[in-house]
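Biologist: Could you give me a close look at the inside of this one? I'd like to know what packs against what, and how that part sits in the whole thing.

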Amino acid sequence: MSPHRRTTGLVSHAAEPENLPLPHWARWLPLALVGVALAVDLPTPGAFSGDVFLVLSAMTAACVHTLRPVVLMALLNSAAGLLLLFAEHLESDGRHAVVDYCALLLLAWASVPLCLLRMWLDRRLQGARGIAESAQRAVLPPVRAWLGTTWIAVRYEAASNAAAVGGDLYAAEETPYGVRLLIGDVRGKGTDAIPGVAALVGSFREAAHHTETLPLLARHLDEAVARHIRDLAAVRVQDGTRGEQFVTAAIAEFPPGGGEVRLISRGHCPAFLAGAEGVRMWEPAEPGLPLGLGELDPGPWEYESRPFAPGDLLLMVTDGLLEARDAGGSFFTPEEGLCGCWRQGPPTVVDTVARLVHRHAGGVLADDLALMAATVTETPYLPPRAMTPHGPGGTGDSGGDGEGCATPPDPTGPSAEH
C-alpha cells in the first residue's frame with residue numbers, strides 16, 4: 001500500500017497490483033509445461049506430439065516473467081524442440097518436421113517481444129495509477145493524527161475497485177473556533193461523485209477557519225454545494241445527460257474550552273458517543289435537509305451539543321457502515337464493537353469497526369465507507385511509538401487484529417515522550 005494510503009486511510013477493496021506476489025505455481029508453470037511436453041511426446045508414438053505444450057510454455061513465460069527468464073525459457077523450448085526433432089516426434093512421417101520446428105522456434109522467440117510489450121504497458125499503467133493517486137490525494141488530503149489535544153483516526157474504503165476515492169468524504173481542521181470535523185456522502189458513488197467530494201472538502205478547509213459558528217459554516221457549505229450542482233447541471237444539459245446531486249453531511253466541533261462536542265447534521269446518518277455512561281447513538285433531533293437543498297430549508301439551522309470529557313470518543317460514520325447487511329438481511333450495528341474498544345484510542349476504533357462490518361457483510365461492502373473517530377486529552381502530547389501516524393487512517397498501527405489492542409496512552413495527561 002502506498003504511503004499516501006497509509007497516511008490518509010484510503011483503502012481499496014482490491015489489493016494493489018504491485019503488492020500481489022506472483023503465485024509459485026505461475027512461476028514454475030512454464031518449466032512444468034516443458035516437462036509435460038517431453039513426457040507426452042517421447043514415450044508415445046510419433047502421432048502424439050507435445051510441441052503445443054512448448055508453445056504454451058513460451059507464451060506463459062511472457063505473461064508472468066521478466067525479460068531474462070523469458071529469454072532462458074525461449075532457449076529451453078528451442079532445445080526441447082530440437083530434441084523432439086531428432087527423436088522424429090515432431091511429425092509422424094518426418095516430411096514436415098523441419099517446418100514444424102521452425103514454427104516452434106518462431107513462436108518460442110515471439111515470447112520475447114511480447115514480454116517487452118507487457119512490461120512497457122505495465123510501466124504505463126503504473127504511471128497512470130500514480131497520477132490517479134496524486135489526484136485522489138488532492139481530493140482527500142491527509143488528516144493529521146493530532147490537532148492540538150484532539151486525537152483523530154480515519155478509515156476510508158471506496159466501493160469501486162477502480163478508485164481509492166468514492167462518494168464519501170472527510171476532513172478535519174484546527175481553527176480559532178476549535179477543531180472541526182466533516183464527514184459526508186455525495187449522492188451516488190464511484191468516480192462520478194468525486195467532483196462533488198472535491199467541491200465540498202475544498203470549501204470546508206477554507207471556510208472552517210473563517211466562519212464563527214457551525215450553522216454559518218453549514219450555510220456556507222450548502223451554498224458551495226448548490227453552486228457545484230448548478231454548474232454540474234449545466235454541463236449535463238450540454239452532454240444530454242440527467243442526474244441530481246446533493247450531499248448529506250455532519251460537522252462536529254470541539255470548542256477550545258472543552259467539556260462538550262457540538263454537531264450539526266444535514267440529512268446525515270447518526271454519530272456515536274462513547275464515554276463513562278457507555279456507547280450511545282447520537283441522532284440529531286433536527287437532521288435537516290442535505291447540503292445543496294438549503295433553499296428549501298430557511299431555518300433556523302441549529303447545532304446540538306453533548307458533554308464530552310477527556311477520554312470520551314466520538315465516532316462519525318457514513319451509511320456504508322449502517323446499511324451493511326449480512327446474509328439474512330440484518331443491518332450492522334456498531335455499538336457492541338465500540339463497547340469493547342473505544343477506550344483504546346481512535347486508530348483501534350476505526351480498524352475494529354471496519355473489520356467487524358466486513359465480517360458482518362461477508363467480505364466486500366456494497367457502498368463506500370468512511371469512519372472518523374476522535375477523542376480529546378487535557379494536555380497535548382505525542383502518541384506512543386506503537387501508535388505513531390503510519391497505520392490506516394493516518395493515526396497509526398493499532399497493533400494486533402483490532403480486538404486484542406495495544407494499551408492506549410493516558411487521555412488525561414502528557415505521554416512520557418512529550
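Modeller: Quick definition before we go in: accessible areas here come from the Shrake-Rupley method with a 1.4 Å probe. Bear in mind that this is a predicted model. On that footing, the protein's accessible surface is about 19,800 Å², and carbon and sulfur atoms own 60% of that. Under the surface, 47% of the 418 residues count as buried, and the secondary structure adds up to ten helices and twelve strands.

Now the part you asked about. The largest nonpolar core has 53 residues, with Ile152, Leu181 and Leu314 making the most contacts inside it. Leaving aside residues up to four places away in sequence, Leu181 touches Ile152, Ala171, Ala172, Phe204, Ala250, Ile251, Ala252, Phe254, Met316, Met372 and Ala374. Another core lies apart from the largest one; this one has 25 residues, including Phe272, Val349, Ala354 and Leu356.

Let's follow Phe204, one of the residues Leu181 touches. Phe204 is among the buried residues of helix H6, alongside Ile194, Gly196, Val197, Leu200, Val201, Ser203 and Ala207. H6 covers residues 194–207, and its end C-alpha atoms are 20 Å apart, which agrees with the 20 Å that 14 residues should span at 1.5 Å a residue.

Zooming out, of the contacts between residues at least 6 apart in sequence, 72% join residues at least 24 apart.

For contrast, look at the outside: Leu114, Leu117, Trp120 and Leu121 form a nonpolar surface patch with about 370 Å² of accessible area together. Leu114 belongs to helix H5, and its relative accessible area of 39% makes it partly exposed.

Notes: Residues are numbered from 1 along each chain as its sequence is written. This is a predicted model: local features need pLDDT of at least 70, side-chain atom pairs count only at pLDDT 80 or more; totals for chains, interfaces and linings use all residues. Side-chain values use heavy atoms; hydrogens and water are left out. Helices (H or I, at least four residues) and strands (E, at least two) are DSSP runs, numbered from the N terminus. The expected span of a helix is 1.5 Å times one less than its number of residues. Buried means under 20% relative accessible area, exposed over 50%, partly exposed in between (1.4 Å probe, protein chains only). Patches are made of residues with over 30% relative accessible area and no salt bridge: like charges are joined within 9 Å, nonpolar side chains (Val, Leu, Ile, Met, Phe, Trp, Tyr) within 5 Å. A salt bridge is a side-chain nitrogen of Lys or Arg within 4 Å of a carboxyl oxygen of Asp or Glu. A nonpolar core is a set of buried Ala, Val, Leu, Ile, Met, Phe, Trp, Tyr and Cys residues joined through side-chain atoms within 4.5 Å. Contact means heavy atoms within 4.5 Å.
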